[in-house]
Amino acid sequence: MPSAVAPPPRELSTTPPPVEVPRALAPPPGLHLVPKVCCLCGVEDADPIGVGEDFEYRTSSDTFLAVRCRRCGLIYLNPQPADEEMGRIYPDHYHAFDFKPEEFGFVYRVRRRLEARRALKWCHDLPADARILDVGCGDGFHLRLLKEFGKPGWSLEGVDTDPRAVAHARAAGLTVHHGNIQELPLPADHYHLALMVMTVEHMTDPVGVLRTVRRVLKPGGKVVLVTDNAGSPDFWLFRGRHWGGYHFPRHPQLFTKSTLRKLADVSGFETERIVTPFSPVNWAYSVRNLLDDWGAPRWLVNRFTLKSTPAMAAFTLFDLPLSLVGCGAILRATFRKPAEETRGGA
Amino acid sequence: MKPVVIVGAGLAGLTAATYLRRHGVPVRVFEAGKNIAGLARSERDAGGFTYDFGAHFITNRLAAAVGVSASCRAMPRYGETVWLRGRTYSYPFGLMRSLPFALSAAVAKLGAPFRRTPTTADEWYRSAYGGKLAKEVAVPLTEAWSGAPANELAASVGAKFATSLPRTIMLKAAAAVTQRTVAVGYSGTVPESPHVWHVYPDGGIGAVCERLADEVRDAIQTQSPVEAIHVEAERAVGVRVAGEDIEAAGVVSTAPVHVLPKIVRGTERLAYLSRFRYRPMVFVNVKLDGPSGLPDVVTWTPGPETPFFRLSDIGAGLPWLVPAGKSLVTCDIGCQVGDATWTAPDAELGKLCVAALDKLVPGTSARYLGCRVMRTPLAYPVYRLEYEDDRKRFEQGTGIEGLVSVGRNGEFAHILMEDVYWRTRRKVMSLIGSTAPAEAVRGCP
C-alpha cells in the first residue's frame, strides 16, 4: 500500500547535483555530423533501429543513430561524421593501423593462419602473373599474407586513405597508394582481383568506390568483399545498442545478403556468391559493449576483446554452427565485373 | 523550380524543411512570429533560470537523429506520481498497489469481453482502468487538459495513452538495471526501447530547432504570416505572404487545423475543420529557494483542490536549467482564452499556485521567489465526440493534393516531440517524388 499523507522527502530532490564539470574531465566535444540518405536508394525513408556511442574508443561525446532503409533494408548511420572528422574517429591507436602480433599472441597466430587459407582460396584460379589490389588495406595484413604464401609472380598493391596505416604498410615493404581510390589515377581494366576485407562498411560512399573498383578491374575480374553481417543472430540480439558490428561511428553502412546484392547491382557487378563465414568478433564486442555500457568492472570488460583468447575461442565455437546454416557473423561476397560490358560507370 | 512552402518554423516545419532540402527540393519557410521554434523554444532570465514553453521531453534517439546529442545531458531522474487527497501514488505501479484501484481495474478487465466498444473517453477509461481509477484520476485529468466533460470526448483520447503492461514492466526494469531514465510512453511512431532514455539540451529545448534551422537558415522568413494557401482543382499551387502571391510545388502546413478553412482558397473541402478546438493553457513557472520537495519530476494532481493538474519539477529533472540551490516548478493550468485564468495578472497566478503547492509541500510559500507565466491558446487538441468522425477523416490526409498538414497542431493529435519528428518526415515524403530533380536524390549528399 502507498504511504499516507504528504509525499516523502527524497534525497535526490533535496540536493540538485552540481552542474559544472571540471574542464579536465569534460567529455570531448561533438563531431561535425552530416545528414545522409540511403546510398542504395538515394532517399531517406528509414526507421531508427539502434542508438549508441563510441563504446570502444570514446572519441567523442556524441550519440549515434543507426537506421534501416524501409525500401532496401540497408542499415546506415544518420547523421554520419563529416569527412574532415576521420582523423578523430580513427585515433592513432586504432587497431587496424598497426596490428601488433605481440599484443594479440595466440589469437593473432590463429587468425593469420586462418586468413592465409581463406585469402589463398579467393586467389586459387588466378594466373601466375595476376595483379591484385587490396582496397582499404590498413596496415597491409592481407597483402603480407599473399606475399608470403601466394605465387611469387603476383603483383600486389594496396590502397588506404589513412596516412598512418599507409606508413605501416610501406614500412613492411608493400606497395600502397595513399588516398581515396576514386581520386587516384589507377589504370582501367588492369587488376584481376580486388579485395575489400572489412572495408566496405567503413566507407561513406561504397557505391562510388565499387564503381571505381569495377573500372580498374579487368573484364571478368572479381572483387571479394568481407563485411559484418547485419542479418545475423548477434545483430538481432544486440541491434538496439550494443552490437559489435556497429563499431559506432566507424561503420556508416552495414549490409545483409540482400543489400550486398543490391550494392552489386547499383555498382554494375554480378553477384557470384555470398556466404556467411564464422567470426567470434561481433559476438565478443557486443558483450563487451554491453558490459562497458552498464558499468561492469574493467577486468571483466577486457575479457571480451580481440586480445582475449578464451572469448575468441568460445564465440568461435558458438558461431561455427550458425555459419553452417547461413547465419554466420560475417558475410563474404564475390562480385564479378561482366566480361562483356560497356566501358565507364565510375 | 517552384519551392515547397512550409507554413510555420516550429519543430514540425523545420523537420519538413530540412528533410525536403536534403532531397534536393527547394523550400521556403514562413513563420508568423518573431522567433523560430514555436512551442519548442527556450528563454533564460537574468537570475539564471531557463524556461521552456511548458515541460518538454526528448530522448537520446531524437537528439542523435537531429545531431544535438553532444550538447545534451541524460536526465538524472524521471518519474511520475499522482497526488490524491494528500496521498502519493507512483505511476503506474503505485496506483496498482492500491487495493481499491487494483480491484476495480481487475473487475473492469474481467468484464471487458461483455461490454460494447467504448464510444466516449469516460467509457474508455472505465473499461480500461476500472471505475474507481477512472473517476478519481483519469477522468479529472483528461477533463482538466481538455476542458470538456469526459462523456463529450471521444474514446480515442484514452486510446492514445494505451500502453501494454508487460512492456511498461520491461522498460521500468531496464531503467532500474541500467540506472537510466528510460522513456516510457514518449514515442508512439517508433518503438520504445530499454536503450532510449530522457536527455535534454544544455541550454533548453530550443537547441533542437536551432540545430535544424541551421540547415535551412537562408530559407526562413520570420514575421511573415501566410495569408492564403491557393488551391486549384484540389491541388495546392501557391501561397500569399504579405500581399505577394508565391507559386509553390506543394505546401506543408503546421498551422492549427481550425485556421486552415480561413486561409485555404479555392476549395470548400476543409470547411469541416473550423469546428475543431484546442485547449489553451497557462504555464506558471514558480521559482523557489531550495528544493521543491515534490515527490517526482512529474506530479499529477487530479483533485479539485489545486488549480493546476500537473507539476513539473524542472530543477529535479533538468538541474542545469536552474541555478544551484534553487528550484523551478512548472504548473499547468487549463483555461479558455479570455477567461479569469487567462487574463489574471502573473503575480496573482503565482500566488494561487504557491498557495496550492503549500498543500502538497507545506512551507513552499515561505520559499517563493517569484514566477514567470507563459500562455498558449494551443496546448492540446480536444477530441470532441461531436467531430470525431471528421477527425478520423482528417487523419487520412487533407484530401488536397500537395497540401500536407504536420506537427502537433497540424495533425490535430496529441503527439510528442519524437513522434512529430518521425511522422513529419514520413508525411512530407510524398512531396519528394514529384518535385525532386533525379540528380539531387542520387547518392549521399
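What share of the contacts in chain A with a separation of 6 or more comes from residues 24 or more positions apart? I looked this up before anything else, and the share is 77%. A reminder to myself: this is a predicted model.

**Entry: chain A overall**

I went through the secondary structure of chain A and found 11 helices and 13 strands. I then checked burial, and 47% of the 346 residues of chain A count as buried.

**Entry: strand S9 of chain A**

I picked strand S9 of chain A, residues 191–197, and asked how well covered it is. Of its 7 residues, 7 are buried, so to speak a strand that is mostly covered.

Next I looked at the partners of S9(A). Strand S6 of chain A, residues 131–135, runs parallel to S9(A), and 3 bridges join the two. I noted one pair here: Asp134(A) has Leu195(A) as its bridge partner in S9(A). With strand S10 of chain A, residues 217–228, S9(A) shares 6 bridges, and this pairing is parallel too. Here I found Tyr191(A) opposite Leu217(A) of S10(A). I followed the chain from S9(A) to S10(A): the path goes through helix H6 of chain A, residues 206–216, and the β-α-β crossover is right-handed.

**Entry: chain B overall**

I turned to chain B and found 18 helices and 21 strands. Of its 445 residues, 55% count as buried. For contacts in chain B between residues at least 6 apart in sequence, I read that 71% join residues at least 24 apart.

I also looked at the overall dimensions. Along the principal axes, the C-alpha atoms of chain B fill a box of roughly 65 × 55 × 45 Å. The radius of gyration of chain B is 22 Å, which agrees with the value near 22 Å for a compact globule of 445 residues.

**Entry: helix H4 of chain B**

Which residues of H4(B) are buried? I found Phe101(B), Ser104(B), Ala105(B) and Ala108(B). They lie on the same side of H4(B), because they cover an arc of only 100° around the axis. That fits what I know of helices: with 3.6 residues a turn, residues three or four places apart point the same way.

I then asked what the buried residues of H4(B) pack against, and found helix H3 (93–97), helix H5 (121–129) and helix H6 (131–146) of chain B. On the face turned away from the buried side I noted the exposed residues Leu99(B), Leu103(B), Ala106(B) and Leu110(B). I checked the length as well: H4(B), residues 99–111, has 13 residues and reaches 18 Å from its first C-alpha to its last, close to the 18 Å expected.

**Entry: two open sheets in chain B**

I traced an open sheet of 4 strands in chain B, with the order S13-S12-S11-S15 and mixed pairing. Its edge strands are S13 (244–247) and S15 (264–265), each pairing on one side only. Inside this sheet I looked at S11 (residues 226–232) and S12 (residues 235–241) of chain B, which pair in the antiparallel sense over 6 bridges. Ile229(B) stands opposite Val239(B) of S12(B).

I also traced an open sheet of 3 strands in chain B, in the order S5-S9-S6, with antiparallel pairing. S5 (58–59) and S6 (72–74) of chain B stand at the edges with a single partner strand each, so one side of each has no neighbour in the sheet. Between S6(B) and S9 of chain B, residues 198–201, I found 3 bridges, running antiparallel. My last note is the pair Cys72(B) and Pro201(B), which stand opposite each other, Pro201(B) being in S9(B).

Technical notes
Residues are numbered from 1 along each chain as its sequence is written. Chains are lettered from A and ligands numbered from 1 in the order in which they are written. This is a predicted model: local features need pLDDT of at least 70, side-chain atom pairs count only at pLDDT 80 or more; totals for chains, interfaces and linings use all residues. A residue is buried if 20 or more other C-beta atoms lie within 10 Å of its own, exposed if 12 or fewer, and partly exposed in between; C-beta atoms are placed from the backbone. Two residues are in contact if their C-beta atoms, placed from the backbone, lie within 7 Å. Two strands pair if DSSP finds at least two bridges between them. The radius of gyration is taken over C-alpha atoms; the globule rule is 2.2 Å times the number of residues to the power 0.38. A crossover is right-handed if, with the strands pointing away from the viewer, the path from the first strand over the helix to the second runs clockwise. The expected span of a helix is 1.5 Å times one less than its number of residues. The arc is that of the directions from the helix axis to the C-beta atoms.
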